Amino acid sequence: MTDNREFIEEFLVESSENLDQLDQDLIALEKQPDDAQRVASIFRTVHTIKGNSGFFGFSKLGALAHSGEHLLGRLRDGKLTLDDRVTGSLYSMVDAVRSILQAIETTGNEGDQDYRDLSRALAAAAEQTPISTSPSPVTQESPAVPEPRAAAPAAAVPAATPPPAQPIPPVQPTAAAPVATAETTVRVDVDLLASILDLVGELVLARNQLRSLDSDDPAVQAVAQRINTVTNALQETAVKTRMQPVEHVFNRFPRTVRDVAASCGKEVELVIDGADTELDRTLIESIRDPLTHLIRNSVDHGIEPPDVRVASGKPRVGRLSLRAFNESGRVTIEVADDGGGIAFEKVREKAVARGLVSAAEAAAMPPDQVLQFIFEPGFSTAATVTSVSGRGVGMDVVRTNIEAIGGTVDIQSTAGIGTVISVHVPLTLAIMPALVVRCGSERFAIPQSAVGELVPLKRDRSGPRIEGLAEAPVMRVRGRLVPIVFLDQFLGIRETTACREDGTVVLVRVDDREFGLVVDGMQSSAGHLRCRELLDAASLSTIVVKPIGGLLTALGLYTGATVLGDGGVVLILDLRGLLRILRLPPVDREPDAAPIPIVEITDRYLVCGTLGGRRVAVPLADVVRLETFHRDEVEVVGHRRVVRRGDGFTTLEDADELLGCVSTTSPPTVNVVVVGGSQGGFGLAVGSIIDVLAAESRLQPTTSPGVAGILALGGVATEVIDLDTAVGDA
Amino acid sequence: MNEPPMHDFCTFRIGDACFAVPTAGVVEVLRGGHLTRVPLAPDAILGLLHLRGRIVPVIDPAIHLGVSRKTPEQPTHLVIALQDDWYGLVIDEMLDVLELPQDRIEQPTTSSAEGPGEALVGVFAAPDRLVHLLDPQRMIQSFMRPRPQTLERQAISHGRS
């Protein structure tokens with residue numbers, strides 16, 4: 001049996017390709033039931049499967065294929081006409097064969113499923129509709145298909161020869177001529193391709209070293225130049241060997257569309273364009289599920305039922321277009337339907353109902369931004385969603401999967417016209433553009449797809465700066481609060497961070513999270529640049545991703561490593577892993593290229609207890625630092641209390657007084673929350689610091705003096721201090 | 001089946017002790033080479049080495065084997081293959097390749113197992129020395145066992161800027 005394994009694997013691969021072909025052939029046949037060549041082709045495929053399963057002793061598969069073959073034989077011989085029952089049973093057969101093959105692949109045997117009912121159904125379908133039920137078996141159509149012609153099947157199986165042309169006069173010449181695949185391709189082991197790529201990588205390095213040698217000899221220069229050219233071409237070609245046309249994924253979709261449309265009573269025509277667009281084979285598999293999901297969604301929720309379409313003046317048959325094309329170094333796949341579009345108002349309502357935005361914010365949001373809610377986790381998994389938004393079951397999963405391979409998802413929708421969802425994916429994972437950053441004496445690569453922007457920090461603190469509490473440094477980026485991670489400190493490269501003052505913040509976005517990695521600067525071909533010079537593409541390198549071994553990958557910090565042009569090894573940061581370790585809070589996602597959010601959402605609050613025992617909160621974004629003073633350090637100047645800080649003073653405001661109460665206690669130490677603000681900071685004297693908590697509700701306005709509103713924080717209603725009036729009063 | 005099966009072993013020296021790994025898994029031996037540090041990796045991982053297009057994690061087995069290296073300045077890397085991954089072991093000196101019948105290999109005694117630990121799978125007597133037979137797979141797995149507490153500590157100290 002071990003000897004057989006290789007053959008069985010080959011059989012599985014070949015059969016799975018055949019099944020994909022079968023799906024397509026069946027769909028084509030449904031459209032053109034009198035295509036004799038198509039029937040012959042289907043017959044041959046099923047016959048091959050039957051033959052092979054007999055060879056390997058897969059009896060269930062054999063029996064099933066036999067029943068299918070019998071039915072197809074009758075179809076081919078004109079004893080049967082194609083109807084829904086026949087096609088339905090053939091589709092079921094294809095599905096059953098597929099699941100048996102899957103069982104063989106995973107378990108080595110055919111599984112426990114019983115397919116005898118299906119075999120019987122196939123047999124019944126074969127016998128059920130003879131051309132005439134009358135005793136005379138020969139009808140006027142019979143002579144068109146002379147009996148002897150059916151002799152060929154066994155002999156014709158593996159050959160690439162075109163099927164025997166059926167000289168039936170009434171049949172129009174088939175538009176889709178049988179593709180006589182010439183022997184222009186070979187099967188190559190993926191590992192072999194990988195080692196070729198490795199060797200090419202080596203050559204590239206040697207080439208780079210050669211280039212760095214100074215030689216005045218023109219002959220040497222000429223050779224170096226030629227090696228350079230050839231190496232570049234070789235690298236390009238080698239990368240291409242990993243590529244496969246997206247056709248491998250698209251092939252299944254006609255069947256998907258047919259099944260979904262049939263099950264929900266829609267009429268849908270699928271138009272595929274650009275199926276020859278190529279993608280890395282590892283990515284091809286990764287886009288299969290997300291695309292299937294999008295297509296199902298479009299048919300199920302996008303395209304309207306035929307009567308609705310007709311009533312609104314549209315063609316009865318909906319049109320679903322699947323288009324793949326290359327665009328600026330990436331592959332874009334568009335799933336477009338001409339359905340009813342997404343009901344923006346309902347999405348808005350839903351977003352408000354779920355507490356994602358306030359009603360006022362939602363009403364002011366441009367449609368693009370509203371559509372982003374569809375990608376919110378759980379936004380649409382609720383039962384109401386399908387009826388409410390009419391779209392988007394599991395869109396967050398689609399987005400997560402696509403982003404996992406460094407891609408993005410866009411959505412556009414026009415009411416009454418349709419919806420276009422564009423998936424952009426990189427061409428390959430083996431080679432990707434990355435930002436190489438410096439941190440201490442180390443260098444690290446960050447996948448460019450995750451990099452949002454680079455923000456240089458200035459020593460004089462004039463530009464954007466890192467603020468917030470020591471435990472949770474944040475940076476304000478156009479209205480968003482982004483958590484900050486000091487890479488040197490996090491990785492233990494330096495004991496205390498050295499890049500707080502004049503490093504560069506690399507804003508990265510992974511899944512729904514965004515955070516800033518503070519690094520020293522960028523690496524570029526021109527050497528180490530300080531951040532001001534780097535905002536061009538100088539420090540982006542195209543890197544070849546290499547594995548670092550499962551045990552190191554398990555650290556969850558690095559996805560791999562790469563070798564740079566200078567021969568140095570650089571680790572690629574695992575941003576998802578970093579997120580998991582850091583447990584950063586989610587931040588508001590900035591809609592792509594959207595303007596500044598209309599309402600600044602500060603989602604985390606510092607919760608304190610006042611001396612009088614009230615529970616209050618201050619937006620964390622406004623907190624500069626926490627300090628403790630002794631009662632004696634508080635001085636009174638005029639009617640205000642101040643504390644000395646360095647060479648200046650900080651005004652203190654008592655939290656209770658701001659809220660219109662009077663403190664009765666005067667503890668020996670005062671906890672002070674120093675808050676910043678547009679009009680200069682001040683210190684808020686409180687009794688205790690409770691916690692930093694994320695808001696669990698929207699801010700409820702209130703009429704209490706000094707209170708901006710009430711929020712649920714940590715499950716308790718908490719008053720949020722109105723810092724603006726506090727400053728105004730002071 | 002009269003003769004016991006023969007096995008090939010690469011023997012090498014770290015400090016004063018001799019060790020051996022099956023020759024079949026040895027890719028090559030190389031001296032020197034630039035190592036790239038892997039922050040937050042287990043202590044035994046000295047860094048990454050670039051070898052013919054592959055990235056090879058380099059491991060210092062000395063501490064785990066209870067010996068100390070004598071030539072920290074001029075490391076020799078013994079590169080071994082485990083499935084698809086290659087790992088480099090830092091050793092002091094490469095010795096000869098020995099062919100041994102299975103029955104010459106003895107079970108490690110309990111006392112010696114305390115030092116080299118679970119990676120030690122046998123002991124045999126070469127003409128002039130005692131050789132400790134290592135299972136590379138077990139050895140590397142025990143060295144590289146991720147230590148979550150390290151990460152936790154870092155995550156915490158990150159907060160405490």
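Let's start with two helices in chain A, H9 (residues 253-263) and H10, whose axes come within 9 Å and cross at roughly 35 degrees. Please keep in mind that we are looking at a predicted model. The crossing of H9(A) past H10(A) is right-handed.

Who is touching whom here? On the H9(A) side, the residues are Phe253(A), Thr256(A), Val257(A), Val260(A) and Ala261(A). Facing them from H10(A) are Arg288(A), Leu291(A), Thr292(A), Ile295(A), Arg296(A), Val299(A) and Asp300(A). If you like to think in side-chain classes, that contact divides into 7 nonpolar, 2 polar and 3 charged residues.

Let me zoom in on one residue from each helix. From H9 of chain A, take Val260(A). Is Val260(A) buried or exposed? Val260(A) has a relative accessible area of 8%, so Val260(A) is buried, the cut-off being under 20%. Setting aside neighbours within four places in sequence, Val260(A) is in contact with Arg296(A), Val299(A) and Asp300(A). Ile295(A) is 35 residues away from Val260(A) along the chain, and their C-alpha atoms are separated by 9.2 Å.

From H10 (residues 281-302) of chain A, take Arg296(A). This residue is partly exposed, because its relative accessible area is 44%, in between the 20% and 50% limits. Leaving out residues up to four places away in sequence, Arg296(A) touches Thr256(A), Val260(A) and His301(A). How far apart in space are Arg296(A) and Thr256(A)? From C-alpha to C-alpha it is 7.4 Å, with their positions 40 residues apart in sequence.

Staying in chain A, here is a second helix pair. The axes of H3 (residues 59-76) and H4 (residues 84-107) of chain A come within 10 Å and cross at roughly 155 degrees. With an angle over 145 degrees, H3(A) and H4(A) therefore count as roughly antiparallel to each other. H3(A) passes H4(A) in a left-handed crossing, whereas the crossing of H9(A) past H10(A) is right-handed.

The contact list for this pair is a good one to follow on the screen. H3(A) brings Lys60(A), Leu61(A), Leu64(A), Gly68(A), Leu71(A), Leu72(A) and Leu75(A). H4(A) answers with Val86(A), Ser89(A), Leu90(A), Met93(A), Ala96(A), Val97(A), Ile100(A), Leu101(A) and Ile104(A). By class, the contact of H3(A) with H4(A) comes out at 13 nonpolar, 2 polar and 1 charged residues.

Now for some strands. As a quick reminder, strands of a sheet pair through backbone hydrogen bonds, either parallel or antiparallel. Strand S4 (residues 318-327) of chain A takes part in a parallel pairing with strand S2 (residues 268-273) of chain A, over 6 bridges. In that pairing, Asp273(A) stands opposite Arg323(A) in S4(A). S4(A) also pairs with strand S5 (residues 330-337) of chain A, this time in the antiparallel sense and over 8 bridges. One position to click on is Asn326(A), whose bridge partner in S5(A) is Val331(A).

Stepping back, chain A has 21 helices and 31 strands. Of the 730 residues in chain A, 46% are buried. Among the chain A contacts with a separation of 6 or more, 65% are between residues 24 or more positions apart.

Over to chain B, where there is an open sheet of 5 strands with mixed pairing, in the order S3-S6-S7-S5-S4. Which strands stand at the edges? They are S3 (26-31) and S4 (45-51) of chain B; each has a single partner strand, so one side of each is left without a neighbour in the sheet. Neighbouring strands in this sheet are turned by 30 degrees against each other on average, ignoring direction.

The partner at the S3(B) edge is S6 (residues 76-82) of chain B, in an antiparallel pairing over 5 bridges. Within it, Leu30(B) has His77(B) in S6(B) as its bridge partner.

My last stop is Leu40(B), in the loop between S3 and S4 of chain B. Its relative accessibility is 11%, so Leu40(B) counts as buried. Leu40(B) also has a phi near 70 degrees, which is a positive value in a residue other than glycine. Thanks, everyone, and I'm happy to take questions!

Note on methods
Residues numbered from 1 in each chain as written. Chains lettered and ligands numbered in written order. Predicted model: local features only at pLDDT ≥ 70, side-chain atom pairs only at ≥ 80, totals over all residues. Heavy atoms only, no water. Axes fitted to C-alpha atoms, helices over the stretch in contact; angles between N-to-C directions. Helix = DSSP H or I, 4+ residues; strand = E, 2+ residues; numbered from the N terminus. Parallel < 35°, antiparallel > 145°, perpendicular 65-115°, else oblique. Left-handed = near helix turned anticlockwise from the far one by under 90°. Contact = heavy atoms within 4.5 Å. Nonpolar A, V, L, I, M, F, W, Y, C, P; charged D, E, K, R; others polar. Pairing = 2+ DSSP bridges. Buried < 20%, exposed > 50% of the residue type's maximum accessible area, 1.4 Å probe, protein only.
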